[in-house]
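Me: I'd like to go through this model and check what earns each label. Can you set the values against the definitions as we go?

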Amino acid sequence: MKITAIETQVCHARMRNWIFVKVITDQPGLYGWGEATLEWHTRSVVGAIEDISQLLIGEDPRRIEYLWQMMYRQHFWHGNGIVRGTAISGIDLALWDILGKIHNVPCHELWGGRVRDYIRLYCHLGGGKMEDFYETRADDAHRFGELAQQAVEEGFTAFKSMAVPETMPLEGLRPIRYAEACVKAMRDAVGEDIDIMVDCHARPSPLMGMQFARALEPYGLYFFEEPCWPEAMDGIAAIQAAVSTPIASGERLVGVAAFKDMLEKRAVSVLQPDITHCGGLSEVRRIAALADAYRVALAPHNPQGPVSTAASIELGFATPSYAICESVHSDVPWREEVVSEGFVVEKKGRIVKPNNRPGLGIEINEDVVKKHPFQQEVLQRSFYRDGAVGDW
Ligand SMILES: [Mg+2]
């Protein structure tokens with residue numbers, strides 16, 4: 001059995017272009033789907049996949065770990081940067097899909113079988129509508145409350161918001177008070193039985209992140225995400241040491257060694273590897289094992305396309321430390337047309353029952369993909385009041 005081709009198929013999805021990866025074999029009808037979506041770097045990732053495919057054509061797709069080592073270590077440059085890490089991840093997902101199809105079992109059965117009966121999904125405020133999630137103003141607490149209520153009406157028991165405004169490295173009380181008002185409005189709207197998350201997008205400095213974390217502690221957040229840059233990991237660790245709110249981070253890290261540093265520093269209580277960036281299902285399973293050793297929860301980052309979600313669900317059914325799955329359901333109307341999924345989502349509670357189809361259990365409709373070709377992603381840029389460059 002041999003790999004004969006590795007194709008990329010790009011499907012525009014407004015803020016992102018989903019990059020679907022199709023690994024094709026010499027066995028009739030046997031191929032796998034992966035995803036390597038990296039917004040604002042679509043052309044680079046497509047090129048990186050083409051470069052890496054030179055190593056894999058003619059190889060046996062069943063030797064996933066051997067091929068992973070090749071992709072990560074050969075050509076001299078290791079695959080621990082975001083573009084190459086994403087390219088490797090996309091191919092790795094497709095290889096696992098192929099292996100599941102060969103053995104006619106879902107991927108989670110390849111990894112030891114189901115460890116749970118269902119997986120809970122959480123949504124973004126607005127369900128993935130860019131304007132609601134990213135552009136609701138921090139001084140519009142009422143709107144945060146409305147959107148929170150809407151998430152609960154749609155069946156979710158957990159949702160994420162961006163209730164922390166962009167701040168310069170040092171600012172006074174105003175942004176802190178805005179964040180408090182937004183989180184209070186959401187808590188008042190949905191009560192204490194619903195889990196609320198706040199993502200800071202690593203906008204604050206470590207000092208501002210600390211102030212936000214302390215101010216929001218009384219609201220009992222499910223987790224508080226990326227309170228400062230991952231490059232300032234000691235800052236994240238200091239925040240986690242100062243508050244009992246679980247701190248979450250990891251979506252920008254590639255490779256198990258980076259996650260080891262984060263765990264060793266006791267920086268987080270929730271680890272958020274992105275399966276389409278960190279090195280794929282092969283690498284995230286190593287990361288998950290490490291998280292288990294530290295008794296840290298896993299909640300993979302997953303705002304991308306439908307193959308990423310299917311991979312996250314398969315991982316969750318076989319991974320004890322997996323706590324919850326991020327999901328986006330109304331980013332673009334063609335999301336549901338692009339994919340057929342093997343798992344079932346129950347609307348009440350938004351819980352996922354296991355996929356019974358082989359591999360990742362998905363099929364991509366290539367005709368629908370062709371209707372939405374690459375377009376430049378909507379640029380999201382941030383500048384502070386004084387004109388200096390900020391973090392989005
Ligand atoms: Mg995030």
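Me: What makes β1 and β2 a hairpin, and which residue in the turn has a positive phi?

Reply: Bear in mind that this is a predicted model. β1 and β2 have two residues between them, and they form a hairpin. In the turn, R14 is the residue with a positive phi, about 65°.

Me: How do you know that β1 and β2 really pair?

Reply: The cut-off for pairing is at least two bridges between the strands. β1 (residues 3-13) and β2 (residues 16-25) share 10 bridges in the antiparallel sense, so they count as paired. Among the bridge partners, H12 goes with N17 in β2, and Q9 goes with F20.

Me: Why are β1 and β3 called edge strands?

Reply: The open sheet has three strands in the order β1-β2-β3, with antiparallel pairing. β1 and β3 each pair on one side only, and that makes them the edge strands. From one strand to the next, the twist averages 20°.

Me: Which helix lies across β1 and β2, and what makes its direction roughly antiparallel to β1?

Reply: That's helix α1 (residues 42-56), which runs at about 170° to β1. Angles over 145 degrees count as roughly antiparallel, so α1 gets that label relative to β1.

Me: What makes α3 roughly perpendicular to α11?

Reply: Their axes cross at roughly 95° and come within 6 Å, with α11 covering residues 280-293. The window for roughly perpendicular is 65 to 115 degrees, so α3 is roughly perpendicular to α11. On the α3 side, the contact uses I88, S89, D92, L93 and W96, which meet G280, L281 and S282 in α11. By class, the residues of this contact are four nonpolar, three polar and one charged. Glycine is counted as polar in that scheme, so G280 goes in with the polar ones.

Me: How do you know where the domains lie, and how many residues does each give to the contact?

Reply: The domain assignment gives domain 1 as 3-105 and domain 2 as 110-359. Their centres, taken over C-alpha atoms, are 25 Å apart. Domain 1 puts 37 residues into the contact and domain 2 puts in 22. A pair counts as a contact if the C-beta atoms lie within 7 Å.

Me: Which elements build the side of domain 1 that touches domain 2, and which gives the most?

Reply: The elements giving two or more residues there are β1, β2, β3 (31-35), α2 (64-73) and α3 (82-103). α3 gives the most, with 15 residues. That side of domain 1 has 17 nonpolar, 13 polar and seven charged residues.

Me: What does UniProt list for residues 141-246?

Reply: The unreviewed UniProt entry lists them as "domain: Mandelate racemase/muconate lactonizing enzyme C-terminal". In the model, that span is 48% helix and 11% strand, and its end C-alpha atoms lie 23 Å apart.

Definitions and conventions: Residues numbered from 1 in each chain as written. Predicted model: local features only at pLDDT ≥ 70, side-chain atom pairs only at ≥ 80, totals over all residues. Helix = DSSP H or I, 4+ residues; strand = E, 2+ residues; numbered from the N terminus. Domains from an automatic or database assignment. Contact = placed C-beta atoms within 7 Å. UniProt positions renumbered as here; feature names shortened; annotations may be inferred. Axes fitted to C-alpha atoms, helices over the stretch in contact; angles between N-to-C directions. Parallel < 35°, antiparallel > 145°, perpendicular 65-115°, else oblique.
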